[in-house]
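Got the viewer open? Keep the selection box handy, and we'll walk from stop to stop.

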Amino acid sequence: MPVTQITLLRGYEQETQQRLVDHVSKAVRSVIPAPEAGTTTFIQEVVAYRRDGRFFDQGNVALSSATEVVKSFLVAMQARDLAQAQTHLHSNFQMVFPGGQTFHRLEELVAWAITRYQRVEKTFTHFDESWQGDRTVVYCAGNLNGVWPNGTAFDNIRFIDRFEVVAGQLARQDVWNDLGEHSPASPQASRSTQFS
């Protein structure tokens, strides 16, 4: 059974150490088919070390949880608090929505969305993370609820958002959802209305 040791300088918060142990354990189990109960990951703290002629005696600042960054952004967007949402964005942030609509500013997205719905809310069912070098990819899935431009309500329309988080900020968002399948103007919605 795999045993992994992480060596850190003192000073990292307990929550940071728990996240690190959790992520490393998952990485090990993605390569070695070991059961959860048989996978051990532990942290050993050291007082100081020397590298490249420099002396180190304090841990570095930890990155925010990528999933928490995504949740905070989505909650701010849902509340239309664009100023708060903007604080989560990388300077080169890019959003790609259904139909290939690409935006770089939140105001562009809000203006485009007016033609699609009066209001939309997301109910999250789960978040998944994967780690790719200096970026974390977060998938958020769930259901959309809201009001169409004609004033009728909709609910339980599935969506998936894929985010790339770099240094604690959102660099990219890709959005997939079934709004087009349920829109009052779509042929599918018309057929389901005729036969329901």
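How much space lies in the largest pocket? About 840 Å³. Before you select anything, note that this is a predicted model, where local features need pLDDT of at least 70 and side-chain atom pairs count only at pLDDT 80 or more, while totals for chains, interfaces and linings use all residues. Residues are numbered from 1 along each chain as its sequence is written, and side-chain values use heavy atoms, with hydrogens and water left out.

**Stop one: the pocket**

Select Arg 19, Leu 20, His 23, Leu 63 and Thr 136: of the 31 lining residues, these are the closest to the pocket's centre. A pocket here is an open set of points on a 1 Å grid over the protein atoms alone, with protein on both sides within 12 Å along at least five of seven lines; a cavity is a set where a 1.4 Å probe fits but cannot get out, and lining residues have an atom within 4 Å of a point. Points are joined across faces, edges and corners, and the volume is the space filled by probe spheres set on them.

Now colour H1, H2, S7, S8 (135-147) and S9, the elements that give two or more residues to this lining. (Helices are DSSP runs of H or I with at least four residues, strands are runs of E with at least two, and both are numbered from the N terminus.) H1 gives the most, with 8 residues. By class the lining has 13 nonpolar, 9 polar and 9 charged residues, where Ala, Val, Leu, Ile, Met, Phe, Trp, Tyr, Cys and Pro count as nonpolar, Asp, Glu, Lys and Arg as charged, and the others, Gly among them, as polar.

**Stop two: around H1**

Stay with H1 (residues 14-31) and add S1 and S2: together they make a right-handed β-α-β unit. Right-handed means that, with the strands pointing away from you, the path from the first strand over the helix to the second runs clockwise. S1 (residues 3-9) and S2 (residues 40-46) run parallel, joined by 7 bridges; strands pair if DSSP finds at least two bridges between them. For one of these bridges, pick Thr 4 and its partner in S2, Thr 41.

**Stop three: the cavity**

The whole structure holds 1 cavity of 30 Å³ or more, with a volume of about 300 Å³. Show Phe 97, Leu 109, Tyr 117, Val 120 and Lys 122, the closest to its centre among 21 lining residues. H2 (66-78) supplies the largest share of the lining, 4 residues. The lining divides into 13 nonpolar, 3 polar and 5 charged residues.

**Stop four: aromatic rings**

There are 8 aromatic pairs in the whole structure. Rings of Phe, Tyr and Trp (its six-membered ring) pair if their centres lie within 6.5 Å; planes under 30 degrees apart are stacked, over 60 edge-to-face and the rest tilted. Keep Phe 97 on screen and add Trp 112: this pair is edge-to-face, at 5.5 Å centre to centre and 65 degrees between the planes. Phe 97 lies in S5 (residues 89-97) and Trp 112 in H4, so the pair ties together parts 15 residues apart in sequence. Both residues are buried (under 20% relative accessible area; exposed is over 50%, partly exposed in between, with a 1.4 Å probe and protein chains only). Next, select Phe 73, Phe 93 and Phe 163, which form one aromatic cluster.

**Last stop: two backbone angles**

Most residues other than glycine have a negative phi. Asp 52, in the loop between S3 (49-51) and S4 (54-56), has a positive phi near 55 degrees. Asp 52 is exposed, at 72% relative accessible area. Finish on Arg 80, in the loop between H2 and H3 (82-86), where phi is positive at about 55 degrees. Arg 80 counts as partly exposed, at 41%.
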